[in-house]
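Hello,

Here is the structure I said I would pass on. My notes on what was found in it follow below the display.

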Amino acid sequence: MEPQLPHSVTDSVATVVVHHPAKRNAMTAAMWRALPPLLDTLAADPGVRALVLTGEGGTFCAGADISTLRGSPEEAQRLAVRAEDALAAFPKPTLAAIRGHCVGGGAQLAAACDLRFAEEGALFGVTPAKLGVVYPASATRRLVALVGPASAKYLLFSGELIDAGRALRTGLVDEVLPAGELGKRVAEFTRVLVSRSQLTQAAAKEFANGHTDRDAYWSAQARGSGDTAEGVAAFLERRQPRFTWSVPTSG
């Protein structure tokens, strides 16, 4: 099968799979190009309330397909940054479900997700120093925000791989699951995500990502949404809330 990004939507959760098993799910130029429009389509789907990014089989993503660097490394990096930024800007909660290697461009994609759950045995690495590549500024800032300057420098300077336990301690991942338990935990957690207020999630995502000029917008959304009244009523009536606000499809 050709390298691709198969996707599906089940129970309001979109799942996108990095599928290039012949090269440990390395991202080709075509895959980098395909990701932003795919994310736009899923973001505009009102039936999608969360997104899971994972890899085919036992590997998340081994990075960029190195053969793509032979022509124009600058263009290859632009494609990766565009895809990474599109993932970071996805307006609904995103979760990377990680098995095996999560390296280079794979680590960029994982870091661009809101949350990262990993299976024991997963390995993480940020490897541009092995290739003489300048790591993108946006990706560097995102990595520093996750793990702090010292750990980011360790990863970037050395290109060494770290295990899931160390990734958890540094903040690179949020949960580590025993072998065979990752899929069950991701399904369980995404059920929680889709049951919560999209209004709260969307505003929190913007604020956590550093947006400082949207307070008035979100206050207006909250006033007109009815989500707060529904949440309070559901709490008092001891029932599950039925939130109705959804991410505007027009942006």
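On disulfides, the count in this predicted model comes to 0. A disulfide is a covalent bond between the sulfur atoms of two cysteines. Cys-61 is in no disulfide, and the nearest cysteine sulfur, that of Cys-102, is 7.4 Å away. From the side of Cys-102, the closest cysteine sulfur is the one in Cys-61, and 7.4 Å is too far for a bond, because a disulfide needs the two sulfur atoms within 2.5 Å. Are these two cysteines buried or exposed? Cys-61 counts as buried, at 0% relative accessibility. Cys-102 is also buried, with a relative accessible area of 1%.

Next, the protein as a whole. There are 10 helices and 9 strands in it. Its radius of gyration is 19 Å, close to the 18 Å that the globule rule gives for 251 residues, so the protein is as compact as a globular protein of that length. The C-alpha trace spans about 60 × 40 × 40 Å along its principal axes. Of the 251 residues, 45% are buried. If you take the contacts between residues at least 6 apart in sequence, 69% of them join residues at least 24 apart.

Now the sheets. Strands of a sheet pair through backbone hydrogen bonds, either parallel or antiparallel. One open sheet has 6 strands in the order β1-β2-β3-β4-β6-β9, and its pairing is mixed. Its edge strands, each pairing on one side only, are β1 (7–10) and β9 (175–177). On average, neighbouring strands of this sheet are turned by 20° against each other, direction ignored.

You can follow the parallel part of this sheet strand by strand:

- β2 and β3 pair in the parallel sense over 6 bridges. Val-17 has Thr-54 in β3 as its bridge partner. Between the two strands the chain passes through helix α1 (residues 29–44), and this β-α-β crossover is right-handed.
- β3 and β4 (residues 94–98) are parallel too, with 4 bridges. Here Val-52 stands opposite Leu-95 in β4.
- β4 is joined to β6 (residues 115–119) by 4 bridges, and these strands run parallel. Leu-95 stands opposite Leu-115 in β6.

Two helices lie against this sheet. α3 packs on it, touching β3, β4 and β6, and the direction of α3 makes about 140° with that of β4. Helix α7 (residues 182–195) lies across β2, β3, β4, β6 and β9, running at about 160° to β6.

How much of strand β3 is buried? In β3 (residues 50–55), 6 of the 6 residues are buried, so the strand is largely enclosed by the rest of the structure. Both faces of β3 are covered: one side has Ala-50, Val-52 and Thr-54, the other has Leu-51, Leu-53 and Gly-55, and all are buried.

Val-16 is a useful residue to look up in the display. It is found in strand β2 (residues 13–18). Val-16 counts as buried because its relative accessibility is 1%, and the cut-off for buried is under 20%. Leaving out residues up to four places away in sequence, the residues Val-16 touches include Leu-51, Val-52, Leu-53 and Thr-54, and also Leu-38 and Leu-42. Another of its contacts is Pro-6. Val-16 and Pro-6 are 10 residues apart in sequence, and their C-alpha atoms are 6.0 Å apart in space.

There is a second open sheet to find, of 3 strands, in the order β5-β7-β8 and with mixed pairing. Its edge strands are β5 (101–103) and β8 (162–163), each pairing on one side only. Strand β7 (residues 123–125) pairs with β8 in the antiparallel sense over 2 bridges. Leu-123 stands opposite Asp-163 in β8.

Helix α3 (residues 105–112) comes up again here. It lies across β5 and β7, at about 90° to β5, and it also touches β3, β4 and β6 of the 6-strand sheet. α3 is mostly covered, with 8 of its 8 residues buried. Among them are Gly-105, Gly-106, Gln-108 and Leu-109.

Regards

Note on methods. Residues are numbered from 1 along each chain as its sequence is written. This is a predicted model: local features need pLDDT of at least 70, side-chain atom pairs count only at pLDDT 80 or more; totals for chains, interfaces and linings use all residues. Side-chain values use heavy atoms; hydrogens and water are left out. Two strands pair if DSSP finds at least two bridges between them. Contact means heavy atoms within 4.5 Å. Axes are lines fitted to C-alpha atoms, for helices over the stretch in contact, and angles run from 0 to 180 degrees between N-to-C directions. Buried means under 20% relative accessible area, exposed over 50%, partly exposed in between (1.4 Å probe, protein chains only). A crossover is right-handed if, with the strands pointing away from the viewer, the path from the first strand over the helix to the second runs clockwise. The radius of gyration is taken over C-alpha atoms; the globule rule is 2.2 Å times the number of residues to the power 0.38.
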